[in-house]
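Biologist: I am new to this one and would like to understand the words people use for it. Could you walk me through them, step by step?

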Amino acid sequence: MTARFDALGVVVADIPRALAFYRRLGLEFPDGAESEQHVEASLPGGLRFMLDAEDVIRSFDPEWQRPDGSSIGLAFLCDSSADVDAVYAELTGAGYESHKEPWDAFWGMRYAQVRDPDGHVVDLFAPL
């Protein structure tokens, strides 16, 4: 018996709001996904990125509660250091919350962090 990693799921309070954020980061979801409670975007290598409304989780786990803070890590590779700054500016300019302004990390990458609509920290990065 073997298992292989197939998908990453994020629980969100508002599907349309989450779709707007992740579409700005280049993920492609089906047309009309705003009216769904579970949506998926295909990723390179055959992986899937899934968004589930809180009600979906409660449908099979009625005692589920949103955890305090973010317990997942999401990172989006940008083409260059300048693109990290540009994507950060575009997202924060669109009203998404900054977690950490762009900086040159000691591990040799340009990094920035924003919060998605549900408070999950999303990294933007590129090699210096």
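Biologist: Let me start with a detail. Which residue in S6 is the bridge partner of Asp104?

Modeller: That is Arg110. Please keep in mind that we are looking at a predicted model.

Biologist: How do you know that S5 and S6 count as paired strands?

Modeller: Two strands pair if at least two bridges are found between them. S5 and S6 (residues 109-115) have 4 bridges, so by that rule they are paired. Their sense is antiparallel.

Biologist: What is the strand order of the sheet they belong to?

Modeller: The order is S4-S7-S6-S5, in an open sheet of 4 strands with mixed pairing.

Biologist: What makes S4 and S5 edge strands?

Modeller: Strand S4 (74-77) and strand S5 (98-104) each pair on one side only. On average, neighbouring strands of this sheet are turned by 20° against each other, ignoring direction.

Biologist: Which helix packs on this sheet?

Modeller: Helix H3 (residues 81-93) does, and it touches S5, S6 and strand S7 (121-127). The direction of H3 makes about 10° with that of S6.

Biologist: In which sense do S4 and S7 run, and how many bridges join them?

Modeller: They run parallel, and 4 bridges join them. One pair of bridge partners is Leu74 and Val122, the latter in S7.

Biologist: Why are the side chains along S4 said to alternate?

Modeller: Look at which face each one points to. Leu74 and Phe76 point to one face and are buried, whereas Ala75 and Leu77 point to the other face and are not buried.

Biologist: Let us move to the other sheet. What is its strand order?

Modeller: It is S1-S3-S2, an open sheet of 3 strands with mixed pairing.

Biologist: Why are strands S1 and S2 said to stand at the edges?

Modeller: Strand S1 (7-12) and strand S2 (38-42) each have a single partner strand, so one side of each has no neighbour in the sheet. From one strand to the next, the twist averages 20°.

Biologist: What makes S2 and S3 a pair?

Modeller: The cut-off is at least two bridges. S2 and strand S3 (residues 48-53) have 5 bridges, so they meet it, in the antiparallel sense. Within these strands, His38 stands opposite Asp52 in S3.

Biologist: Which strands does H1 touch where it packs on this sheet?

Modeller: H1 touches S1, S2 and S3, and its direction makes about 155° with that of S3.

Biologist: Which residues of H1 are buried?

Modeller: In helix H1 (residues 15-24), the buried ones are Ile15, Ala18, Leu19, Phe21 and Tyr22.

Biologist: And how do you know that they lie on the same side of H1?

Modeller: They cover an arc of only 165° around the axis, so they are on the same side of H1. It helps to recall that an α-helix has 3.6 residues a turn, so residues three or four places apart point the same way.

Biologist: What is found at the start of H1?

Modeller: There, a side-chain oxygen of Asp14 comes to within 2.9 Å of the backbone nitrogen of Arg17. H1 is followed by Gly26, which has a positive phi, near 95°.

Biologist: Why is Asp118 called buried?

Modeller: Buried means under 20% relative accessible area. Asp118 has 15%, so it counts as buried.

Biologist: Where is Asp118, and what does it touch?

Modeller: Asp118 sits in the loop between S6 and S7. Leaving aside residues up to four places away in sequence, Asp118 touches Val11, Val12, Ala13, Arg17 and Arg66. The side chain of Asp118 also reaches the backbone nitrogen of Ala13 at 2.7 Å.

Biologist: What makes Val56 partly exposed?

Modeller: Partly exposed lies between the limits of 20% and 50%. Val56 has a relative accessible area of 22%, so that is the word for it. Val56 is found in helix H2 (residues 54-60).

Biologist: To finish, how many helices and strands are there in the chain?

Modeller: There are 3 helices and 7 strands. From the N terminus on, they run β-α-β-β-α-β-α-β-β-β. Of the 128 residues in the chain, 36% are buried.

Technical notes: Residues numbered from 1 in each chain as written. Predicted model: local features only at pLDDT ≥ 70, side-chain atom pairs only at ≥ 80, totals over all residues. Heavy atoms only, no water. Helix = DSSP H or I, 4+ residues; strand = E, 2+ residues; numbered from the N terminus. Axes fitted to C-alpha atoms, helices over the stretch in contact; angles between N-to-C directions. Contact = heavy atoms within 4.5 Å. Buried < 20%, exposed > 50% of the residue type's maximum accessible area, 1.4 Å probe, protein only. Arc of directions from axis to C-beta. Polar contact = N/O pair within 3.5 Å; in protein donor to acceptor, adjacent residues only side chain to side chain.
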